[in-house]
Amino acid sequence: MLKDINLKKSLSKSAYQKAMPELQERIRKLQYAAKAANLTTIVCLEGWDAAGKGRVVRKLTRRLDPRLFRVYSGTPPTPLEQRYHFLHRYQLVLPNYGDMVVFDHGWYRQVLDDRCDQAIRKSEWLTAYQQINEFERWLAHDHQLVIKFYMHISKKKQKQRFKKYLADPDLAWRVTKDYRRHHRSYDKWVPAVEEMLAKTESSYAPWTLIEANDQRWALVRIFEVLAQRIESELDRRSVPLPSPTSEMSAGVPQAAAEKRRKRSQVNGRHRGQVEVANA
C-alpha cells in the first residue's frame, strides 16, 4: 500500500501560491455553511514524524473562525487518562454540532506506538482497531463527518527533515528520543501502518493517503480533499454551497445579532426605553 505511493509528486511554488489562498478562503466559507447546517467535522491527521502535520494545522487555522474549531495535539496519556479506555480522552473533546476539531495525531497513534514497541499483545491491538471502527461508526451515525489523512514520507526524507530541525535552535526540540527511535525502526513500522490502514478503512470514515515528501503538494492535496468532503456532505444534506463571492453564512452573524439584541435589553426592556423612562 505505502510502497505504491508516488512520493515524487510535487507542486511548483507559483502553483502553490495561487492555489493555497483560494483553498483557505473556500474552507473558511465552508466553515460557516457547516455551522449553519449543524455539520460537525472531525479531522484526524496521522503520519510519520516530521511529515508536516503541524504545518497543515497552521495553514488550516489561519483563516478559520476560532470560535468554531479546536486543535488537539497527540500526547501520551497521563496517569489519570491511563485509568480509562484509550478512546475516553478523545470522546471528552468532541466538538459541538456544527464545529470542527483537528486531531494532530488522534486515537490511532497510541495503538500503533504500543504495537510497534511490543507493549501490548496482538489480540489487544486487533481489538483496539475494532473499537476504533465502532467509535467512528458511532460518529458517522450521529451525522458527524470524519476525515482521516495519513501523511507518508520516505525514510530518507524524514532523516533530511530531522537534520534541518536539529540545525535550527528553535526547532531542535522537535527531534525527541522517540522520533529517533521510530526513525531507526522505520522499516518495521511500514507493515504495521499498512495493516492499521487496512483494518480501519471504512465507507463512513475512509483514509486519504497523502504523498508528503513535497510539503507544498501535501498541503494543497489535503485542503482539496477537506473542501471536497465537506461540500459533498453539505450537498447530500441539500444545503446550498457558498458561492466564490458570497459572504459568510448567515447562521453565525444572526447568532451574533441575537446576542447583541439580548445585551441591548436592561431588565427586560430595550435600552432606549430605559433611557426614556429615566429622562
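Let's start in the middle of the sheet: strand E1 (residues 40-47) and strand E3 (residues 100-104) run parallel to each other and are joined over 5 bridges. Keep in mind that this is a predicted model. On its E2 side, E3 again pairs in the parallel sense, over 5 bridges.

Here are some residues that stand across from E3, with their partners in that strand:

| Residue | Partner in E3 |
|---|---|
| Ile-42 | Val-101 |
| Val-43 | Val-102 |
| Val-71 | Val-102 |

Stepping back, the open sheet has 5 strands in the order E2-E3-E1-E4-E5, with parallel pairing. Strand E2 (69-73) and strand E5 (207-211) are at the edges; each has a single partner strand, so one side of each lacks a neighbour in the sheet. From one strand to the next, the twist averages 20°.

How many of the residues of E3 are buried? The count is 5 of its 5. Both faces of the strand are covered, with Met-100, Val-102 and Asp-104 on one side and Val-101 and Phe-103 on the other. Helix H4 (residues 107-116) lies across E1, E3, strand E4 (144-152) and E5, at about 30° to E1.

Now for the nonpolar core. The largest one holds 72 residues, and Leu-45, Trp-107, Phe-149, Met-151 and Ile-230 have the most contacts inside it. Helix H9 (residues 215-236) is the biggest contributor, giving 10 residues. Leaving aside residues up to four places away in sequence, Ile-230 touches Leu-30, Leu-39, Thr-41, Met-100, Leu-145 and Ile-147. In soluble globular proteins, nonpolar side chains tend to be buried together.

Technical notes
Residues are numbered from 1 along each chain as its sequence is written. This is a predicted model: local features need pLDDT of at least 70, side-chain atom pairs count only at pLDDT 80 or more; totals for chains, interfaces and linings use all residues. Side-chain values use heavy atoms; hydrogens and water are left out. A nonpolar core is a set of buried Ala, Val, Leu, Ile, Met, Phe, Trp, Tyr and Cys residues joined through side-chain atoms within 4.5 Å. Buried means under 20% relative accessible area, exposed over 50%, partly exposed in between (1.4 Å probe, protein chains only). Helices (H or I, at least four residues) and strands (E, at least two) are DSSP runs, numbered from the N terminus. Contact means heavy atoms within 4.5 Å. Two strands pair if DSSP finds at least two bridges between them. Axes are lines fitted to C-alpha atoms, for helices over the stretch in contact, and angles run from 0 to 180 degrees between N-to-C directions.
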